[in-house]
Amino acid sequence: MTRLTADIRSTFTADGAEPFTVDAAVEVEANETCVVLGPSGSGKTLLLETIAGFHEHTGEVTANGTGITERPPEERGFGFVFQDYALFPHMTVRENVRYGNRYRDSPRDPDELLSELGVADLAARNPPTLSGGEKQRVALARALAVRPSVMLLDEPLAALDVPTRQSLRDDLVDVLADVTAVYVTHNRTTARAIADRILVMQDGQIVQRGTPEDVFERPESPMVARFTGSNVIDLSAAPSLRRTLDDEIEPRARSDGSGRNPVDHDSDTDTAPHVAIRPEAITLGDPDGDLSATVERVVREDATNRVTLTFDDVTVEAFAASPPAVDTEVTLSFPRGRLHVC
Amino acid sequence: MATGTERRIEITAVGRMPLVVAFVVGQALAFAAAYSVGRPTWYAYFVVGSTAVTAYVLDGSSFTVATATAGSLLAVALGLPLFMFVARQTPSLVVEKALDPSVHRVLYLGVYGPLLAALLSLSFGVPLAHLLASGFPGQPLVESLVDLPLVVPHSVAGIIILFGFGKGGAFPQLSVLGTMGGMVLAMAFVSAPYAVNASREAFEAIDNRLEYASRIHGANEWETFRRVTGPLAVRGMITGGVLAWARAVSEFGAVAVVAYSVEFFYPVAGETVTAQHAPVFVYNTYLQGGLEESGAVAFLLLAVSAVIFLIVRYLTDDDTRGGTP
């Protein structure tokens with residue numbers, strides 16, 4: 001039951017790379033899974049490694065209110081799962097899992113952990129002979145074996161194929177249910193599936209924080225909206241939508257409670273107004289729809305179809321179980337409660 | 001229809017080892033034939049020609065044939081003198097030298113002294129290599145210093161050692177001129193770069209996330225080195241040690257200047273004896289007894305070195321396992 005806070009403000013310099021500044025505050029309540037979501041190069045792995053104590057930094061890291069900034073990694077009591085597993089190649093799976101046990105007071109039994117994660121039969125094998133999914137389960141077992149106060153996970157599913165990723169993601173949801181965790185990923189699907197709280201990171205800074213609902217439904221910037229998979233519509237390029245909004249949602253347009261009309265969003269700034277809406281919120285073919293759009297492309301995706309549509313100078317995506325034909329006109333409906341100014 | 005890049009003979013189907021054996025046996029027979037008729041030059045032509053033909057048969061590409069042919073010229077330059085050297089030895093003289101106790105002492109010193117130098121190089125070189133692999137401010141300066149002995153003429157290296165550690169040097173109490181310690185120091189001076197660089201490459205090849213994984217799960221830096229970094233780099237260290245040992249075995253200039261002749265404990269006789277480092281002894285024998293007599297001693301030194309080198313390579317030629325969990 002550990003509450004973790006980290007307030008990192010440091011510029012890091014790697015060999016041959018430009019200096020990179022991380023200025024980010026992270027607060028994770030006990031047993032909460034906090035996902036740091038961001039594109040490659042946003043600094044999320046650096047942030048995680050700094051919390052782990054791998055890099056010297058300015059700022060403060062605390063666990064249950066106790067400052068641990070000066071503690072080396074081995075004295076922080078954390079567990080870490082790496083994207084590329086980082087299993088010790090000269091040890092067996094069992095030796096890997098019990099690696100940290102001698103340093104902790106009440107470690108977990110390696111065989112029991114391997115069994116829980118479904119890889120008990122691999123105990124005597126060497127890591128180079130394992131598949132990616134097997135390696136990551138072993139790496140997860142190694143981190144859990146030391147009964148970490150905080151689990152740090154650096155894109156643990158990124159190197160896995162889709163079925164393995166889905167299977168391990170389901171296991172992770174269970175495993176992380178009763179441990180404080182910081183989970184770094186660029187995958188929004190994973191983030192939404194496992195996060196209690198999401199921090200969106202860009203260029204070394206946290207640009208939005210909140211529940212998955214907050215971040216996915218109410219992105220605070222076009223960058224966050226695009227990265228979380230929403231359509232971002234520049235209203236200056238979409239006069240037909242803008243007219244509809246003028247007519248119908250004027251008093252309550254802004255879902256953050258400001259009461260400001262999205263079409264007036266640029267009245268006090270020079271930037272163009274944008275609204276975000278998730279693809280699954282757009283309805284196709286409603287006779288009372290807001291506007292008409294042209295179907296540009298239809299892509300089959302598992303149980304649905306992703307439809308790319310254009311109207312005015314705008315391109316949006318929507319999902320449809322029964323997709324319209326390409327190059328036909330179809331009406332689009334934008335539920336007002338799902339439109340969000342950003 | 002075969003194209004220019006198509007392999008003429010599928011090696012995996014034929015088997016690699018029989019081809020190698022056939023090639024080596026063919027070369028040996030050709031050399032024996034050429035040497036027995038007093039025409040070793042013919043063998044040089046045979047090497048180049050047979051290599052080109054073999055490359056054509058096995059691969060068929062003009063590029064491979066050209067590179068193999070060019071490479072065979074260097075192989076002739078390196079191998080032919082060695083074959084001639086071995087072939088021209090007088091067996092009775094080799095046996096006589098092999099039974100000579102003074103040669104035993106030289107051979108013992110020629111293996112033992114470099115072994116101490118290699119251990120000395122590794123003892124201090126491995127920590128330095130780890131540091132270099134991790135990186136630190138001013139690293140290029142230290143790297144240059146480490147590599148300096150590679151470009152310094154070795155007689156000059158001997159002079160430098162005497163200035164640094166000899167009479168009036170930094171450690172006056174340390175006796176290096178004409179001592180075993182001086183000889184080992186001279187050997188370590190010229191061979192340490194091999195130990196450091198091979199170890200550093202081994203450390204650099206280790207993903208630093210393995211060290212992170214060790215640290216975050218409870219091991220401190222010492223434990224991480226003992227359980228992870230060290231075991232994973234041990235083959236590089238051994239390679240560095242073997243290279244340093246081999247370099248020390250062949251050292252002449254620095255040893256001749258610093259410790260031309262040394263006293264050391266010789267366990268076979270159970271007493272302290274005096275001898276010269278093998279290359280120095282071979283050179284002296286050449287000056288005093290001519291090519292034939294020095295060749296016999298050189299042959300013995302070559303044989304001992306080759307056997308030890310091959311044994312070490314064989315012992316270290318396994319997979320990466322072997323660490324202490």
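**The A–B interface and a five-stranded sheet in chain A**

In this predicted model, 29 residues of chain A and 25 residues of chain B make up the contact (heavy atoms within 4.5 Å). The two chains bury about 2300 Å² between them, with 60% of it on carbon and sulfur atoms; buried area here is the accessible area (1.4 Å probe) that two parts lose on being put together, summed over both. On the chain A side, the most area is lost to chain B by A:Glu74, A:His90 and A:Tyr99, which together account for 29% of what that side buries.

Polar and charged pairings come next. Chain A and chain B share 3 salt bridges, each defined as a side-chain nitrogen of Lys or Arg within 4 Å of a carboxyl oxygen of Asp or Glu. In one of these, A:Glu74 meets B:Arg215, and their closest N and O atoms are 2.7 Å apart. A:Glu74 is thus also among the residues named above for the area lost to chain B.

There are 9 residue pairs in polar contact between the chains (both at pLDDT 80 or more); such a contact is a pair of N or O atoms within 3.5 Å, and within protein one must be able to donate a hydrogen and the other to accept it, while residues adjacent in sequence count only if both atoms are side-chain atoms. Helix 1 (44–52), strand 6 (78–81) and helix 4 (132–145) of chain A each supply at least two residues of the side that touches chain B. Helices (H or I, at least four residues) and strands (E, at least two) are DSSP runs, numbered from the N terminus. Strand 6 gives the largest share of that side, 3 residues.

Elsewhere in chain A, an open sheet of 5 strands follows the order 13-17-14-15-16 with antiparallel pairing, where two strands pair if DSSP finds at least two bridges between them. Its edges are strand 13 (283–284) and strand 16 (314–320), each pairing on one side only. Strand 14 (residues 291–301) is joined to strand 17 (residues 329–333) by 4 bridges, and A:Ala293 stands opposite A:Val330. Strand 15 (residues 304–311) pairs with strand 16 over 7 bridges, with A:Val307 opposite A:Ala318. In the hairpin of these two strands, 2 residues lie between them, and A:Asp312 takes a positive phi near 45 degrees.

Residues are numbered from 1 along each chain as its sequence is written, and chains are lettered from A and ligands numbered from 1 in the order in which they are written. Local features need pLDDT of at least 70 and side-chain atom pairs pLDDT 80 or more, whereas totals for chains, interfaces and linings use all residues; side-chain values use heavy atoms, with hydrogens and water left out.
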